[in-house]
Amino acid sequence: MLDRLEELQEEALKKVDEATEVKDLKDVRVAYLGKKGPITEVLKGMGKLSKEERPKVGQKANEVRDAISASIDEKEVRMEKEALDIKLKEESIDITLPGREVRRGNRHPLTSVIETMEDVFIGMGFSIAEGPEVETDYYNFESLNLPKDHPARDMQDTFFITSDLLLRTQTSPVQTRTMEKHEGKGPVKIICPGKVYRRDEDDATHSHQFMQIEGLMIDKNIRMSDLKGVLETFVKKYFGTDRKIRLRPSFFPFTEPSAELDISCAICHGSGCRTCKQTGWIELLGTGMVHPNVLKMGGFDPEIYSGFAFGMGVERLAMLHYGIDDIRHFYTNDIRFLSQFK
C-alpha cells in the first residue's frame with residue numbers, strides 16, 4: 001500500500017504540472033482527493049492490515065493527500081495571478097492622461113435670487129410664509145378689497161378652474177391667511193415667496209407664470225416712514241449701498257396710500273440712458289399702507305393696527321441683477337443659459 005500511495009502521489013503531481021487551466025486542477029482534486037478517488041480506496045483497505053502497518057499507511061496517506069492538495073493550491077494561485085496580470089495589461093489605463101471633469105449642477109438663478117432676498121428680510125426680522133397656488137376667489141380678490149365685478153380685477157386677468165377656484169394672481173392671499181391665524185393680534189412680519197399666474201401674452205418681459213415675493217408688516221403705529229426704511233434697507237443690501245430709491249404715487253386696491261418704488265439706474269447712475277429710458281430711475285415694485293378694509297377682513301382693528309405691504313417679481317430683480325434681457329430664458333431650461341450661474 002505504501003508503494004501504491006507513492007505512485008498515486010507522483011501521478012497526481014505530474015497531472016498538476018501538466019494542467020493549463022484552473023478547471024484542470026479542479027478535475028485533479030476530484031479525481032485523487034474525492035470520496036471515490038484512489039487514495040480513499042487505499043484507506044478503505046486498511047482494515048486488512050496488521051496493527052503495526054496501519055499507522056504507517058495512515059500517516060503516508062495523509063502526507064500524500066496534503067502534498068497533492070498543496071501542489072494544486074499553489075498552481076491554482078499562480079494561474080489566477082497570471083490571468084489577472086494578462087487582464088490588467090490588456091485593460092491598462094494611462095493614469096498620466098488628464099481626468100474628465102464631472103459636470104456639477106448649480107442653483108437656478110431664480111432660486112439664488114429668492115434665497116438672497118429671504119436672507120435680507122430674515123435679517124430684518126421677517127419670517128417666511130407660504131400658501132396654496134390654487135386659491136379661492138375670496139382670498140385672491142375679495143379679501144384684498146376687490147369685490148366681484150370690481151373693475152380693478154381686469155388688471156389681473158387669470159386662469160379660473162371653477163367660478164370660485166383659480167390659479168392665484170399674487171401671493172397676497174398668503175398675507176390674508178396669516179392675518180387670520182393671528183386672530184387680530186400683532187405684530188405680523190412676513191414675506192411670501194411663490195409662483196403666481198396671470199393671463200399675459202408671453203414676450204421678453206411678460207410670462208403667464210412667474211415668481212413673486214410679497215411682504216407684510218402689521219403692528220401698532222406703523223407708518224409710511226417704516227415702509228420706506230425697510231425697502232431702502234433691502235435695496236441697499238441687495239443692489240449696493242450706492243443705489244437710491246424714490247416713491248411715486250400710484251394705485252392699488254389693497255393699499256392706501258399706494259406707491260411705486262423706483263431705484264436709481266446702475267448704468268447711468270441717475271443721469272439718464274437707454275436702460276432707464278432717460279429718466280435715471282428703474283421701476284422695481286409696488287407698495288403702500290394696508291387698506292383699512294383689508295385689515296378688517298383679516299381680523300384686525302384698523303383703529304388700533306396699521307401696516308404696509310409690498311410685492312415684487314423675482315424675475316424682474318434677477319433680470320436687473322444679472323443683466324438678462326428676456327424673461328423666457330428662465331423657463332426654457334437651456335443649459336447654455338443656466339451654466340452661466342455656477
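**Exercise 1. Strand β1 and the sheet it belongs to**

Ser127 stands opposite Ile190, a residue of β4; starting from this pair in the predicted model, work out how β1 and β4 run relative to each other, and which strands form the edges of the sheet.

*Solution.* Begin with the pairing itself: β1 is joined to strand β4, residues 188-197, by two bridges, and the two strands run parallel. Next, place this pair in the whole sheet, which is open, has seven strands and follows the order β1-β4-β5-β9-β8-β7-β6 with mixed pairing. The edge strands are then β1 (127-128) and β6, each of which pairs on one side only.

**Exercise 2. From β6 through β7 to β8**

Describe how β7 is paired with β6 and with β8, name residues that stand opposite each other, and state how many residues of β7 are buried.

*Solution.* Take the β6 side to begin with: strand β6 (residues 245-252) and β7 run antiparallel and are joined by seven bridges, while a hairpin of two residues leads from β6 to β7. Along this pairing, Ile245 stands opposite Ile263 of β7, and Arg248 has Glu260 in β7 as its bridge partner.

Then turn to the β8 side, where β7 and strand β8 (residues 281-290) pair over eight bridges, again in the antiparallel sense. Here Asp262 stands opposite Glu283 in β8.

Finally, consider the covering of the strand: β7 spans residues 255-264, and eight of its ten residues are buried, so that the strand counts as mostly covered.

**Exercise 3. Val174 and helix α7**

Is Val174 buried or exposed, and which parts of the structure cover the buried residues of its helix?

*Solution.* Locate the residue before judging it: Val174 lies in helix α7, which covers residues 172-182. The relative accessibility of Val174 is 3%, and because buried means under 20%, Val174 counts as buried. Beyond its neighbours within four places in sequence, Val174 is in contact with Ala129, Glu130, Gly131, Arg168 and Cys192.

Widen the view to the helix, in which Ser172, Pro173, Val174, Gln175, Thr176, Thr178 and Met179 are buried. The elements that cover these buried residues include β2 (134-136), α6 (137-140), β4, β5 (209-219), α9 (292-297) and β9 (306-313). Just after the helix, Glu183 takes a positive phi of about 55°.

As a last step, compare a residue from another part of the chain: Arg246 is 72 residues from Val174 along the chain, and the C-alpha atoms of the two are separated by 27 Å.

**Exercise 4. Gln170 in its loop**

Find where Gln170 lies, and say which backbone oxygen its side chain reaches.

*Solution.* Gln170 belongs to the loop between β3 (165-167) and α7. With a relative accessibility of 2%, Gln170 counts as buried. The side chain of Gln170 reaches the backbone oxygen of Asn140 at 3.1 Å. When residues up to four places away in sequence are not counted, Gln170 touches Asn140, Leu144, Gln156, Val196, Arg198, Gln212, Glu214 and Phe254.

**Exercise 5. Two helix packings that involve α10**

Classify the packing of α10 against α8 and against α5, and list the residues that make each contact.

*Solution.* Two packed helices are described by the angle between their axes and the distance between the axes, and both values are therefore needed for each pair.

For the α8 pair, helix α8 (residues 224-239) and helix α10 (residues 314-322) pack at about 45°, with the axes 12 Å apart, and the two helices are therefore oblique to each other. The residues that meet are Phe234, Tyr238 and Phe239 in α8 and Leu317, Leu320 and His321 in α10. By class, this contact of α8 with α10 has five nonpolar residues, one polar and no charged.

For the α5 pair, the axes of helix α5 (residues 109-123) and α10 come within 10 Å and cross at roughly 100°, and these helices are therefore roughly perpendicular to each other. Pro109, Leu110, Ser112, Val113, Ile114 and Met117 of α5 make the contact with Val314, Glu315, Leu317, Ala318 and Tyr322 of α10. The contact of α5 with α10 divides into nine nonpolar, one polar and one charged residues.

How values were computed
Residues are numbered from 1 along each chain as its sequence is written. This is a predicted model: local features need pLDDT of at least 70, side-chain atom pairs count only at pLDDT 80 or more; totals for chains, interfaces and linings use all residues. Side-chain values use heavy atoms; hydrogens and water are left out. Buried means under 20% relative accessible area, exposed over 50%, partly exposed in between (1.4 Å probe, protein chains only). Contact means heavy atoms within 4.5 Å. Helices (H or I, at least four residues) and strands (E, at least two) are DSSP runs, numbered from the N terminus. A polar contact is a pair of N or O atoms within 3.5 Å; within protein, one must be able to donate a hydrogen and the other to accept it, and residues adjacent in sequence count only if both atoms are side-chain atoms. Two strands pair if DSSP finds at least two bridges between them. Axes are lines fitted to C-alpha atoms, for helices over the stretch in contact, and angles run from 0 to 180 degrees between N-to-C directions. Angles under 35 degrees count as roughly parallel, over 145 as roughly antiparallel, 65 to 115 as roughly perpendicular and the rest as oblique. Ala, Val, Leu, Ile, Met, Phe, Trp, Tyr, Cys and Pro count as nonpolar, Asp, Glu, Lys and Arg as charged, and the others, Gly among them, as polar.
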